[in-house]
Structure formats: structure tokens, C-alpha cells
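Dear colleague,

Please find below the structure that I am handing over to you. My findings follow directly after it.

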Amino acid sequence: MRLLKVATCNLNNWALDFDCNLKNIKESIGRAKEAGAVIRLGPELEITGYGCEDHFLELDTVTHAWECLKDLLLGDWTDGILCSFGMPVIKGSERYNCQVLCLNRKIIMIRPKLWLANDGNYRELRWFTAWKQKDQLEDFQLPNEISVALKQKSVPFGYGFIQFLDTAVAAEICEELFTPIPPHADLALNGVEVFMNASGSHHQLRKLDYRIRAFISATHSRGGVYMYSNHQGCDGGRLYFDGCSCVVVNGDMIAQGSQFSLKDVEVVVAQVDLDAVAGFRGSISSFQEQASCKTKIPSVAVPYNLCQPFNLKMSLSSPLKINYHSPEEEIAFGPGCWLWDYLRRSGASGFLLPLSGGADSSSVAAIVGCMCQLVVKEISNGDEQVKADAIRIGHYANGEFPTDSREFAKRIFYTVFMGSENSSQETRMLAKKLADEIGSWRLDVSIDTVVSAFLSLFQTLTGKRPCYKVDGGSNVENLGSSNVDEGLRGYLTKYDCSSADINPIGSISKQDLRTFLRWAATHLGYSSLAEIEAAPPTAELEPIPQTESNPTLCMKQLDEVDMGMTYEELSVYGRLRKVFHCGPVTMFKNLCYRWGARLTPSEVAEKVKQFFKFYSINRHKMTVLTPSYHAESYSPDDNRFDLRQFLYNARWPYQFRKIDELVKELDGEKVPFSESGDHEKMGTTLDGGGGMGVIAAGSGNPKSGH
């Protein structure tokens, strides 16, 4: 037997905080060595933090990374353990995203990334160059200060693997695993038995299974030990890196770390028998045949043994059941952990939330409540870092610290019911009940006086007093509010819903939020959420008219009626537009198949046109939207994920004409297309969406959870 103990880790590093990152790296190495591991793998770009973005273009960032690496190598951190560190490296005129493999205070080789992540939230080609020379390792001259300190002038640089006396080890960096022809395929044929994947993968609802299936697939048909390390936490931006570092052997998961956690360091250790890998490969005829005619990959020979012989005192890790969270748990724990990182790193004393008693703001309140529960739980489990942060943020003294989540929430969570004459007693009471269940400090404020002052000022300046549509006003005088579906549709007030610092639900669909509310009512202990979820979505911004026959019977303002489309429809539009890259014509064709059993082609066409009309006239609102936690594949976040213009021809004349032609073919009748009238009115549609900064009356009761 060739027994090998390996360690991988989740690290909650912070972009450009080199002290924090170096501390976490050292702690992970210390724990790995204490467990007896001889390989330690860390996340991609762990020394600098993954989210440095344009700071990667600064020479300081690269220089500080080398300084931290020197600190690690001058100490005893790499003694007897192969460590893979992620950092940027400049070679010649190019900057590369690299894994630096070190052992016994020396750099063994530097492995640059071959295939860069450059879609969705990722822009690696903006900062790095992909390594293209795959047939040989080049000699890299170390920076002079590093060379002198380590007494090492150069190091092999490029695509290759390390050949030890008893096994072969190679790096595969994040995106490379998901390419059509991943490096591990050829590396396996060259005899590599241990693969180290350093990653920077962010959380997205229902995404983890896709990632884990890739690890399993990597070794299911070709054998091997696949190690995966990831960041975990908010390292300064909209993304939450969701950990789940793990070890897979011959297609079986044998060790798995947490997906969501408040810990700064989590080390996952596994013990494997590499003879099991050799035996697995030897039993596959096709593997043997392909290995016999493989493309040779360069390697670095290291005269060192990593493995130990048969020893009954060393038990092997066994296959385990993969742990997945439900989407409701993901919504609670992902944004909850993200909010904690933001709170402890921003220097803020807590969160302020306008809590209206509606689904959106109540979801945010529940997530903050979940965060408080997680903090108290980690403190009870002995996490000294979480304890220290909580004491500082909550202003505890005399040795006191949080032991009750409601008491902690009272110190750091402030909710305000900003009611108007149009607010119902029902939502007011639900907001109060939820705040009490969570434990937040609460304020009930009437904003009618402020609204009246603005209306009077507007009337003085213009000679017109705005009024709601139900009182004889126009669409432009009404207001709306926001989550991912409403953001996509533009159903929000531009400088109301963008006036906060962060938004934990900004890319979560209304349907998922409602499911989350039902879950949280039971699992988080906030029973009022069940009542909130059962209520029809309403902004409560308009006066509630009374019917003539029964003055006590009122008709509430309903979000879906205001929008002219349901949240379910918005979710479908959003996925087709972003995930499946559908323009108006392709979306129409897809929906004819999907909705053809209940809608005519003409009706489908009208729905598609309506969506694209409102989407395009309101797109400008995305440019100022509050930074949101990224959780959904069809997020309309204008900042980096959904890069599109904000000025559209909202008539879509060519595209809509093509749709009309298709409808004519399908219905056998001519469907007129008009460019007149509607668009001129678009500047005065719901929530002032014409991009002219139209002033609208109303309180703007911000229920969107900002």
C-alpha cells in the first residue's frame, strides 16, 4: 500500500488584506501538518484574495504576494509538506494566474493557468494572460529579493507535473476542470495520481451539484485522487464564495467541507491508498490503450517520498454521502454569511432595514435573524474570531458576549416601519410581530408629514398637485419597488431602491423567496413569516378604494396587476433572456412551445412585446441599483454580470415586426404592428420609467429589503 494523507481547505480571505490572508494560510498549514498531511492545497489566488479585480494591474499587488510567499518559505511552514499557493506572477511582459508549488522551503515549480474564466461574473482575461506553451517547462528567474532570501535563482514554469519517487502530482486550476478537454485527462494518462484544483467558485442557487459532478467525473473513468479547495465568504464584492472543499477518489467523495460557514479557516483531511488508483486504472482496458499512445507532458523530478507503507494505525477515508443544502437553506445561509462578513469588515455597527411587513423586506429581516443565530451558534462552538467580532460590533463589555440571538439582534439590527395613510393595519402588525420574533430594535414612523411637504413644494413649483391613479392621476404618478424579477421588469423607484448600501435578495426570484419564507417560518422560528407569505404581494403605495356596495370591502394594490405580468412569467422571461440568450424573436418561438397549450401565438407575442418594452425603458435603473448578493443565473445586475446598454429603442421595430410575421404565419391572419402612441407614453408609465427622472407622488415605502 501507498498511504497518502492530504489536506484541502476553505479560507475566508479578503482581497488585498495580506495580513489576514497570510494568517489564514499559516493556520491552514498548521492544522494540515498537525493532522499528518503531506499535501496542503489552498484556494486560487489565496495570497492576494480572488476579488482584487483591477488591483491585479498594480505592481504592488504582485510584489506583496511575493513578499508573503517569502515569509512562508523562510519559516518552517513547508517543511515536510507539499504546499500549493495561489498568486499572480509576472513573467516577462505577461501577468499569469499561478499556483506556486513549494516543499521544504523551496519553490518546486510554478504552474500558470491555461484556461481563464471570462464569462458571467468573471473577467480574468482583463487581468491575466492564459499560458499557451504546453510542450515544455521554461526556466523562470525569481525576483532578486526572493532569489537571495531563498538561495534559489530559478524555477520551472509552465504546464507540467511533479514526479516524486512514489507518485505524481499535478495542479488543475478552477476553470480548467470545466473545459471541453480538461488538463486532468492527459495528466492521468501520463501517470499523475493526485490532482490539486485551486478554485475561486461563487455561490449560486442549485449550482453545487454541477460542480461536484465535475469532480466525480474527473476520476470516475480514469481514476485518481481529486483535491478541491475554494474560498469561502465575501472577499469584498457581490459574490459569496461557497467553500465545499473536498477530496474525491476514483469517483467517490471521501471528504467534504462546509458550503456555508462563519469560520475563517476550515481544513478537510483525507487518507487514501494510491494503490487503489493504480488498481482502478489497470482494470480499464481503454485507459491502458490510450496511455500507451499519450501525448507526453513535461515534468519536474523531485527525489522525495510522499507516501507511507502499510500501517494499521492509519485508517483509510471511506466514501460518504454528499451533503447538499435545500434552496431555502441556501437563501438563509449564503446571504446570512455574506452579511456577517460585510458587517465585521466594513466597520459598521449594524444594519438598518425599512421593514414593511411585505415578502421582500421580511425575507431580508429573516436572513439577518439567521445571521444572528449563526453567530451565537459559532460562539457556543468555541470560535474565538466570531466571538471577538461579535463583542466589538455589539459593544459588549466586562467579559460579556452574545449567548442569545434575539439579544444580539437587538444590538445590531434596526428595523423601521415607514408607514403612510395607505399602509394597512395588517402589514403594520406583521412587521411588528416579525421584528419582535427576531429581536430587532424597532421604530414605527409615519412619513405622511414628509410626503405632504414634498407634494406642497411640487404644487408650489408646478401648479399641479400629483395624485394616484385611483384618485384620477396617471401611471407616472404611481410607484413600485424591487427583487430580481422586479429589477428585470423595472418595477422599482430608481432613487428609492438604490439608496441603500447592500441588498441580500437583489438576485433572488420572488418564487424562491416565497418558498424561503415558508421554510423560515418553521426552521428559523419566525412564525409570522407564514402569514406574510400567504398575503398577496402589494406595495401599499396607493390609497385603498372602498366599494360603493360595501364601504369596508377594499381592493388592495397588487404587484402583479401593476406589472401586467406574474412573477412566474418574469422568472421565465429572465431565464430565457440571460441563461438561454434569447432575443425577442427567439423568446417568442420558445414560449410558443411552452405556453402553446393555453395561449395563442398572438397572445404569446403580446406578452413578449410587453416584457421587452418594460425591460428596455427601465434598463437605466440597473445602473444605480444597490449592490446585490449574487444568487441567480438570470440576475440583471448591470455592474458586471449582465453587461448591456441602458439606452434602447424600446419600440424594437425590427424584432417586433419579425414576431408579427411569425404570428401571421401561425394564425393565418395579419397582426398589425404599431410604432405610434405606446412608446410616447412609455416615458410616463409605471415608476417613471422613461429615463427622464419623472417626479412621482407617494411615500415610496421601501419594502424591497434594502
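Of the contacts in the chain (heavy atoms within 4.5 Å) with a separation of 6 or more, 73% are made by residues 24 or more positions apart. The model is predicted: local features need pLDDT of at least 70 and side-chain atom pairs count only at pLDDT 80 or more, while totals for chains, interfaces and linings use all residues. Residues are numbered from 1 along each chain as its sequence is written, and side-chain values use heavy atoms, leaving out hydrogens and water.

The chain has 706 residues, of which 58% are buried (under 20% relative accessible area, 1.4 Å probe, protein chains only). Its accessible surface, by the Shrake-Rupley method with a 1.4 Å probe, is about 28,600 Å², with 53% belonging to carbon and sulfur atoms. The secondary structure consists of 23 helices and 19 strands, taken as DSSP runs (H or I, at least four residues, for helices; E, at least two, for strands) and numbered from the N terminus.

One open sheet is described here: three strands in the order β17-β18-β19, with parallel pairing (at least two DSSP bridges between two strands). Its edge strands, each pairing on one side only, are β17 (351-354) and β19 (441-446). On average, neighbouring strands of this sheet are turned by 20° against each other, direction ignored; axes are lines fitted to C-alpha atoms, for helices over the stretch in contact, and angles run from 0 to 180 degrees between N-to-C directions. Six bridges join β18 (residues 413-419) to β19 in the parallel sense, and Phe417 lies opposite Asp444 in β19. Helix α12 (residues 405-412) packs on the sheet and touches β17, β18 and β19, its direction making about 65° with that of β18.

With kind regards

Key
Buried means under 20% relative accessible area, exposed over 50%, partly exposed in between (1.4 Å probe, protein chains only).
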